Amino acid sequence: MKSRSTLAAWLGSLDSSRLARVLGTRRDAVSLPEPRSVGELADRLQRPGSVALVLPRLALPHLQVAEALAALGASASREALAKLLGAVDDEATRQLDAVLEVLADHALVWPDGAGQLRMAGPLSQAWDMPLGLDAPLERLLASTPSDELRGMLATLSVKPPGTKAQRLAALVEHHSDPEQIASVVAKAPATARKLLERLARAVARQPQFIVFGSPGPGLEPGARWALDRGLLIQDRHRYGPVRMPAEVALTLRGPGWHAPFEPVPPRPRPASVTPAEVDREASAAATAFVAHAASVLAACSATAPARLKSGGIGARELARIGKTAQADDAVVRLTLETSYAAGLLSRDGDRVAPTEAYDAWAEQEPPEQFAVLLQAWKNLPLTPTHARDEDNKALPAVAGAAPCGGCVQARLGLLAAAARLPAGQGMSVASDLGPLIAWHRPLADSSPQDGTPFAAVIREAELLGVLARGALSALGIHLRTGHTEGLSVECRRLLPSATAMARIGTDLTAVVTGTPSARLTALLDSVADRETSGTASVWRFSAGGIRRALDAGRVPEDITADLAAVATGPLPQPLAYLIADTARGHGRVRVTPAACVLHGDEPALLAELAAHRGLVKLGLRQLAPTVLVSRSPVDTTLAALRAQGYAPVAETAEGTVRIEKARPRRATPVPTPRGSHARDSGRIAATRAEAPAAVDPNTLATRLLAAPPASSEPAPFDGGVPFATDTEEIVAGWAKHLPYSDIRQLAHAIDAGQAITVEYVATSGSRTVRTLSHLMLDPPYLEAWCHLRDAERVFTLSRIHSVMSVVPE
């Protein structure tokens with residue numbers, strides 16, 4: 001409560017512009033319903049889940065200063081903090097002030113008006129042993145009997161006071177004086193002094209699990225001497241290792257020891273690069289990627305990839321798609337994940353198939369296509385090009401893995417690190433950006449499989465043209481700022497429009513420079529086989545490709561006319577001959593369903609088929625000079641004849657030629673997960689509503705500062721105003737751990753159909769932060785779709801301990 005009150009006082013002392021800055025940086029804690037007072041805002045900013053959402057966005061020096069403050073205690077002076085960090089010169093002091101300013105903007109650390117720095121309670125609990133220091137002496141000795149405290153004081157030649165509290169205070173006062181600690185340690189036996197010095201400089205140790213009731217480990221040499229003087233503390237029941245109080249450890253580390261503080265980012269090896277060079281390389285990379293992406297999705301449209309029983313697209317299907325699209329595994333995975341996130345692909349039973357949105361996307365120009373995939377990449381909750389796990393096992397794509405917040409932060413850290421490079425400077429080796437990313441986002445995830453830190457996310461950025469010549473391209477600049485219109489403009493500037501013409505050569509190839517249009521791709525795919533794709537794509541004409549078009553109902557004249565319309569010059573004679581020769585043999589043999597019957601106008605050809613050794617399995621039998629009957633189905637007979645070099649066509653039952661043009665498989669977008677009892681009229685179900693527009697931070701800041709100084713209006717159950725809705729009253733009756741502000745927020749999310757993030761305590765006692773959507777109230781339970789488990793779950797209202805809004809990345 002004291003921390004909350006000092007935060008409220010500090011917030012109330014800010015001017016509207018500074019308070020608006022705090023609201024902007026902590027938008028996760030300020031969601032509808034709006035806070036009605038500065039006190040209520042302070043409550044929200046102090047929530048553990050709210051603080052946990054902010055930490056991954058902070059840079060290394062911010063976390064270092066916060067950890068140093070946690071080591072000093074709930075409050076400390078700025079001078080003590082600067083001394084601990086070694087920030088004594090003017091430059092280091094300015095840098096420390098800048099870091100504290102950022103922490104204050106996030107409402108994590110603030111001045112209390114009495115010369116002390118206060119920090120959010122949940123932030124102080126983020127480290128079990130900040131700076132490798134254990135708890136202060138007062139906390140470690142809280143359960144120690146008074147007689148033991150008396151013995152420690154006597155051993156230190158301090159006259160013990162009468163009560164336990166006085167003895168504990170005297171011992172704390174003695175150990176808070178570095179000179180007295182140094183004097184005691186100087187008189188210690190050599191074994192005890194070495195033990196104390198080693199433990200003082202040791203980093204946080206892994207916890208040791210002791211079987212309850214078993215004797216603790218034997219004491220090291222010299223430990224008893226230190227235990228008798230309170231320099232080391234052991235559980236009075238001797239469970240676990242000895243512990244060194246923070247005051248003792250700091251003293252023994254000496255005045256020359258300082259907590260780590262790195263306010264300046266690493267300085268990698270820069271390389272001069274001009275904007276024109278960056279644009280040229282980014283354009284080439286983006287053009288090649290969108291061309292490959294179009295090929296990958298076209299391959300998925302032709303044959304929807306199968307899903308593994310365990311979920312996702314396996315290595316075999318990925319290899320098939322890559323071979324068809326002439327794209328490597330990284331590009332295939334990146335395309336599939338971004339397309340799935342953008343809604344171009346969806347699960348369809350045991351397949352992953354394109355949706356109707358893909359058809360609209362395929363008709364767009366390459367700049368518009370690329371912008372869709374690039375924006376989806378920025379917010380992907382995974383690193384798609386990670387092809388193997390820690391055990392070197394192949395990972396499937398589009399597997400619906402649990403969201404990885406550290407993966408998102410790695411991507412945002414890359415954009416932030418590259419943006420900090422001086423103008424006209426790039427990286428001679430792009431992987432050198434890894435240490436910079438680690439500085440900007442220390443809590444981001446880097447796969448152990450990466451040879452260098454963050455190699456996978458850097459490689460993805462290069463494939464997409466976000467990073468070029470080790471510098472942030474114009475695409476990356478607008479992607480980082482979230483300026484959608486600017487990103488679209490840069491995509492149109494850097495990526496050429498689709499190519500609608502092909503150069504058809506006498507070697508029976510069609511070469512398309514740039515990204516082929518959807519119409520050109522469809523035409524060439526229907527009559528030829530793609531050999532390469534990328535900056536330039538190549539198709540090769542063959543009798544099989546022409547026959548495929550004829551089987552789909554095309555006539556030779558139309559094929560010739562369509563190819564002539566897209567050719568940069570006249571059609572070469574070899575292609576015209578190929579079309580004519582294939583058409584001449586097409587349909588000479590017709591297969592009609594009967595189970596089945598073959599007939600034609602040439603008795604000699606039918607006799608040849610009946611005697612052909614390669615067709616024995618069909619069980620052909622000649623009924624008449626121009627009629628054969630087969631024991632095999634129509635499709636099997638067609639495939640066998642074509643495998644032997646014949647060109648039959650199928651007929652319908654009416655005797656007309658059957659058109660073999662399969663409609664591409666399209667997936668229905670995954671329906672919104674709902675509760676299993678959505679139609680139960682006895683429950684309060686969430687209804688989908690338009691999300692209200694975000695409130696301008698400046699407007700909200702002005703409104704909060706103008707509100708009465710009281711912390712907040714009394715809750716209805718404390719004699720305040722009545723509940724605003726029935727939902728609020730029901731939630732308040734069951735969620736006993738929630739303050740009224742959280743009850744309002746949860747009730748609003750239920751009524752408005754909005755997603756919400758909660759801190760939930762399971763029956764086992766473990767705490768988790770979960771994002772829930774499609775909320776349905778069924779007192780004393782809340783049914784919802786849990787994004788952590790990717791499944792519907794039932795939550796007990798009384799186990800929800802805090803509520804916060806969902807943070808957009």
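**View 1. Strands β15 and β17 pair within an open sheet of the predicted model.** Over 3 bridges, strand β15 (residues 597–599) and strand β17 (residues 627–629) pair in the antiparallel sense, and in this pairing leucine 598 of β15 stands opposite leucine 628 in β17. The model in this and the following views is a predicted one. The two strands belong to an open sheet of 5 strands, whose order is β16-β17-β15-β14-β18 and whose pairing is mixed. The edges of this sheet are taken by β16 (621–624) and β18 (649–650), each of which has a single partner strand, so that one side of each is left without a neighbour in the sheet.

**View 2. Helix α30 lies across three strands of the open sheet.** Helix α30, which spans residues 603–611, lies across β15, β16 and β17, and runs at about 20 degrees to β17. Of these strands, β16 stands at an edge of the sheet, while β15 and β17 are joined to each other by the 3 antiparallel bridges of the preceding view.

**View 3. Strand β13 is bridged to both β11 and β12.** Strand β11 (residues 509–513) runs antiparallel to strand β13 (residues 536–541) and is joined to it by 5 bridges; within this pairing, valine 511 has valine 538 of β13 as its bridge partner. Strand β12 (residues 528–532) likewise runs antiparallel to β13, here with 4 bridges, and arginine 530 has tryptophan 539 of β13 as its bridge partner. The hairpin formed by β12 and β13 has 3 residues between the strands, and in this hairpin glycine 534 takes a positive phi near 140 degrees.

**View 4. The buried residues of helix α32 line one face of the helix.** In helix α32 (residues 697–706), the buried residues are Leu700, Ala701 and Leu704. Seen down the axis of α32, these buried residues fall within an arc of 100 degrees, and they therefore line one face of the helix. An α-helix has 3.6 residues a turn, so residues three or four places apart point the same way. The elements that cover the buried residues of α32 include α2 (16–25) and α3 (38–45).

**View 5. The whole protein gives the setting for the close-ups.** The protein has 34 helices and 24 strands, and of its 809 residues 47% count as buried. Among contacts in the protein with a separation of 6 or more, 65% are accounted for by residues 24 or more positions apart. The protein exposes about 37,900 Å², of which carbon and sulfur atoms supply 54%.

Key. Residues numbered from 1 in each chain as written. Predicted model: local features only at pLDDT ≥ 70, side-chain atom pairs only at ≥ 80, totals over all residues. Heavy atoms only, no water. Pairing = 2+ DSSP bridges. Buried < 20%, exposed > 50% of the residue type's maximum accessible area, 1.4 Å probe, protein only. Arc of directions from axis to C-beta. Contact = heavy atoms within 4.5 Å. Axes fitted to C-alpha atoms, helices over the stretch in contact; angles between N-to-C directions. Areas by Shrake-Rupley, 256 points an atom, 1.4 Å probe, with all protein chains shown as cover.
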